[in-house]
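Welcome, and thanks for bringing your viewer along. Load the model, pick a colour scheme you like, and let us walk through it one selection at a time.

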Amino acid sequence: MNLGFVVGVFGVLILSHAAYSTIQYRGLLKIMEEEFSRPPINVILELIIGLALCMWAALTFPGKFLSIHPDSDENRTVSLPDNSDFMIFNHRGRLFPPEIDMKF
Amino acid sequence: MVTKTEETQLNQLENQVENGGGGVWEYLCLVRKLKVRRSEIVLKHGLSILNDSGKRSALGPDEWTLYEQVAIAAMDCQSLGVAQNCIKALQKKFPESKRVGKLEALLLEAKGMWEEAEKAYSSLLEDNPLDQVIHKRKVAMAKAQGKPSLAIEHLNKYLEVFMADHDAWRELAEIYVSLQMYKQAAFCYEELILTQPTLPLYHLAYADVLYTMGGLENLIAARKYYAATIDLTGGKSTRALLGICLCGSAIAQLSKGRNKEDKDMAAPELQSLAATALEREYKQKAPAKLNLLTSALRNLKIS
């Protein structure tokens, strides 16, 4: 698997580990009968790292982003399709048969 | 709608195929997808695939689509024998097929036997009165025989039933323009813009028709639509930039006698902006013709 996918899995694992630590911390506080204001510093650090890794993976893993500008090179309409439903064979090219003698 | 990347891809494949590299099948698929009209090349290389029985069987079920594509290209290049043989092969494989019946009628059209083709289309229509392609072929036949009024009549009847068909509206607009019935052509382009407002080419064609009609309101509207085209294409449409300059000078000429209230304020800025953009583009793409452009623009501003 490519790097983006691995980093993404890693980021998700770090986030779930941070969640588990917070739950354990809350349980510890309940035993010590203190209030739960915010998770400990190391869990917050872990959360930030997990966020950064997941964001990087989300941007790298899907591959090339498509352009949404209507006038970018990918989306710019250069010409309309020639109306082949109304094509007529009565044009001047009729007088110029192809040079190579086609056999079939 | 052919986008720029698709066009470059098409040209690249075309060069490759013409110079003897491989990639013929991809080229043929791309031509079919983009619905462009490259009949000679399709005929030459399609026949080379069809004549080689090894390559032909490698295609599998796509072989019959190739037969159809080569048959139509052959009719366009006036190689009617080749077309006849392709259709015979298709008939052997698919007897009693409507699609092959349409191809036969198309061949009659290409040979110039209008009555027989008319009879064939009428019989096909009896079986299936709501077949869009056959109605459109009747319009094309009227056009090919040089009866544009009959074509317009048929096309109007068709559009009463199938109002959402963009190709038909476009065809009607072009026929009206060729007959110089500009008001009706403007109506058709309005319909097109209503259904597909993001396509700058319709705005451009509408602005052209309005500019041709002339008259002060039409010129002001034309300038608005040229500006809309420039907006939609990000300033890359040379024709729209030139259109703005011409409209500006035409409006200035028409409103010379009127009082100051009628003069629109946006005119001089828009015109000078368009002129600078044009000069920049010419410097980039065609520096030899730059002085032609500057003298033409100078004449517009003076007159």
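Start in chain B by selecting Trp64(B), Tyr67(B) and Phe94(B), which together make up one aromatic cluster. Keep in mind as you look around that this is a predicted model.

Now narrow the selection to two of these residues. Trp64(B) and Tyr67(B) sit in helix H5 (residues 62-76) of chain B, three residues apart, or about one turn of the helix. Show their rings: across all chains there are six aromatic pairs, and Trp64(B) with Tyr67(B) is a stacked one, with 5.4 Å centre to centre and 20° between the planes. Is Tyr67(B) buried or exposed? Its relative accessible area is 4%, so Tyr67(B) is buried.

For another geometry, select Trp169(B) and Phe187(B). This aromatic pair is edge-to-face, at 6.3 Å centre to centre with 70° between the planes. Trp169(B) belongs to helix H11 (residues 166-178) of chain B and Phe187(B) to helix H12 (residues 182-195) of chain B; with their positions 18 residues apart, the pair links distant parts of the chain. Turn on a surface and compare the two partners: Trp169(B) counts as buried at 10% relative accessibility, while Phe187(B), at 44%, is partly exposed.

Next, the nonpolar cores. Select Leu155(B), Leu159(B), Leu172(B), Tyr189(B) and Tyr226(B): these have the most contacts inside the largest core, which has 50 residues. Colour by domain and you will find that this core takes at least three residues from each of domain 2 (132-189) and domain 3 (198-256 + 263-303) of chain B. Zoom in on Tyr226(B); leaving aside residues up to four places away in sequence, its contacts include Leu204(B), Tyr211(B), Arg239(B), Ile244(B) and Cys247(B). A second, separate core has 49 residues, among them Ala74(B), Cys77(B), Ala105(B) and Ala110(B).

Finish in chain A with helix H2 (residues 41-60). Try a distance between its end C-alpha atoms: they are 29 Å apart, in agreement with the 28 Å that its 20 residues should span at 1.5 Å a residue. Which residues of H2(A) are buried? They are Val43(A), Glu46(A), Gly50(A) and Ala57(A). Look down the axis of H2(A): the buried residues fall within an arc of 55°, so they line one face of the helix. Helix H1 (3-32) of chain A is part of what covers them. Rotate to the other side of H2(A), where Ile41(A), Leu45(A), Ile48(A) and Leu59(A) are exposed.

Notes. Residues are numbered from 1 along each chain as its sequence is written. Chains are lettered from A and ligands numbered from 1 in the order in which they are written. This is a predicted model: local features need pLDDT of at least 70, side-chain atom pairs count only at pLDDT 80 or more; totals for chains, interfaces and linings use all residues. Side-chain values use heavy atoms; hydrogens and water are left out. Helices (H or I, at least four residues) and strands (E, at least two) are DSSP runs, numbered from the N terminus. The expected span of a helix is 1.5 Å times one less than its number of residues. Buried means under 20% relative accessible area, exposed over 50%, partly exposed in between (1.4 Å probe, protein chains only). The arc is that of the directions from the helix axis to the C-beta atoms. Contact means heavy atoms within 4.5 Å. Rings of Phe, Tyr and Trp (its six-membered ring) pair if their centres lie within 6.5 Å; planes under 30 degrees apart count as stacked, over 60 as edge-to-face and the rest as tilted. A nonpolar core is a set of buried Ala, Val, Leu, Ile, Met, Phe, Trp, Tyr and Cys residues joined through side-chain atoms within 4.5 Å. Domain bounds come from an automatic or database domain assignment.
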